[in-house]
Structure formats: structure tokens, C-alpha cells
Amino acid sequence: MGQPIIAPMVDKRNVKKMILVFGEIDRRRWAALTTPGSPDYAAHWKPLLLCEFGSDVVLLICPIVLIYLFLSRRRLLVPAAIVYMVVSLGVAIADLTAVQLVVGAQAAADRNWVRPVALEFVSACVWIPYLLKARRVKATFLN
């Protein structure tokens, strides 16, 4: 029954998002989005896409560290997991805000960008108190 703590951390949504977003962006599309004078150009596309990719890479590496901490029953798991969830929520909010600035609020709403933020928020609201209060967590992660 140790799996519930790991479940929200190993997030298939980040992998799926990276494949969808960066699988669609080939060299021609990248040039169309980031070259001034192009019909699809917006000054914010390049930094948005680079930040998106960087944050996705970080959010894919962190769960590997959390799995190691979980399996070795390290006390550091609890604060690391909380930081991961807060950062993940912050990235989701920043992503939503940036997408709204670049493509417009209506286009962002049409693509259902609010759902990932809500999922991150609910996950954090459930798991952070559990990690802080549960006797089971305190008894398991001792080293």
C-alpha cells in the first residue's frame, strides 16, 4: 500500500504534453512561430516554448528523484514531494497565464487549459496535508 504517495508524482500528463506540443513543432513550424514577419509570429512564442520545454524536463526528472527517496524511505521525501507539488502547481499556473497572453484568453479557454491547473491544485490540496499529518508517513520515512 505504499503506492498512493508515488501515484500523483509519476505524471503521464507531462510526458503526453511534451509529445503533443513538441512533436507538432518541427523546424518549419518553429521558424513560423519565432521568425519576425511570419504570419504566425508572436514575440512571446520562443521564450514560452523554451520555458515550457525546460519546465517539462524538470517535472519529468523530479519524480525519478522522488521515487528514489520513496524506495529508500528517506525523510527528505516529504519536503521534496511538497516542493515538487507546489512547483508543479506554479508551473501550471504560469503556463496557463503565458498561453493566455500569447494566444488570447478565449483560445486558451477553448483548448481547456484550465483543467491541468485544477488537477494540480486538487492534488496538492489532498496530498500535502496527508504528507504532513499522516502517522503512516511519519512512521515510514525515518532516515
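**Notes on an eight-helix chain**

1. Let's start near the end of the chain: Val 137 sits in helix H8, which covers residues 135–140. Keep in mind as you look around that this is a predicted model. With a relative accessible area of 3%, Val 137 falls under the 20% cut-off, so it counts as buried. Its C-alpha atom is 8.2 Å from that of Val 78, although their positions lie 59 residues apart along the chain.

2. Now the overall picture. What kinds of elements does the protein chain have, helices or strands? It has eight helices and zero strands, and reading along the sequence gives α-α-α-α-α-α-α-α. The chain has 143 residues, and 34% of them count as buried.

3. A word on contacts and surface. Take the contacts between residues at least 6 apart in sequence: 69% of these join residues at least 24 apart. The chain exposes about 9,200 Å², and 68% of that comes from carbon and sulfur atoms.

4. Which residues touch the most other members of the largest nonpolar core? They are Leu 66, Leu 77, Met 85, Leu 131 and Val 137, out of 17 residues in that core. The elements that each give two or more residues to it are H4 (45–71), H5 (77–103) and H7. H5 gives the most, with six residues. Another core lies apart from this one; it has seven residues, including Leu 33, Ala 42, Val 99 and Val 102.

5. Helix H7 deserves a closer look. It spans residues 114–133 and holds Val 122. On the surface, Val 122 joins Phe 121 and Val 126 in a nonpolar patch, and together the three have about 280 Å² of accessible area.

6. Ala 124 is in H7 too. Is it buried or exposed? Its relative accessibility is 10%, and anything under 20% is buried, so Ala 124 counts as buried. Setting aside neighbours within four places in sequence, Ala 124 is in contact with Met 85 and Pro 129. Met 85 has already come up as one of the residues touching the most other members of the largest core. You can also check Ala 124 against Ala 81: they are 43 residues apart along the chain, with their C-alpha atoms 9.8 Å apart.

7. If you like aromatic rings, there is one aromatic pair in the structure. Trp 127 and Tyr 130 make it, in an edge-to-face arrangement with 5.6 Å centre to centre and 90 degrees between the planes. Both residues are in H7, three residues apart, which is about one turn of the helix. How do the two partners compare in exposure? Trp 127 has a relative accessible area of 18%, so it is buried, while Tyr 130, at 30%, counts as partly exposed.

8. Last, a backbone detail to look at. Most residues other than glycine have a negative phi. Arg 73 is not a glycine, yet it has a positive phi of about 55 degrees. You'll find Arg 73 in the loop between H4 and H5. At 48% relative accessible area, Arg 73 is partly exposed.

Key:
Residues are numbered from 1 along each chain as its sequence is written. This is a predicted model: local features need pLDDT of at least 70, side-chain atom pairs count only at pLDDT 80 or more; totals for chains, interfaces and linings use all residues. Side-chain values use heavy atoms; hydrogens and water are left out. Helices (H or I, at least four residues) and strands (E, at least two) are DSSP runs, numbered from the N terminus. Buried means under 20% relative accessible area, exposed over 50%, partly exposed in between (1.4 Å probe, protein chains only). Contact means heavy atoms within 4.5 Å. Accessible areas come from the Shrake-Rupley method with a 1.4 Å probe; for residues, only the protein chains shown count as cover. Patches are made of residues with over 30% relative accessible area and no salt bridge: like charges are joined within 9 Å, nonpolar side chains (Val, Leu, Ile, Met, Phe, Trp, Tyr) within 5 Å. A salt bridge is a side-chain nitrogen of Lys or Arg within 4 Å of a carboxyl oxygen of Asp or Glu. A nonpolar core is a set of buried Ala, Val, Leu, Ile, Met, Phe, Trp, Tyr and Cys residues joined through side-chain atoms within 4.5 Å. Rings of Phe, Tyr and Trp (its six-membered ring) pair if their centres lie within 6.5 Å; planes under 30 degrees apart count as stacked, over 60 as edge-to-face and the rest as tilted.
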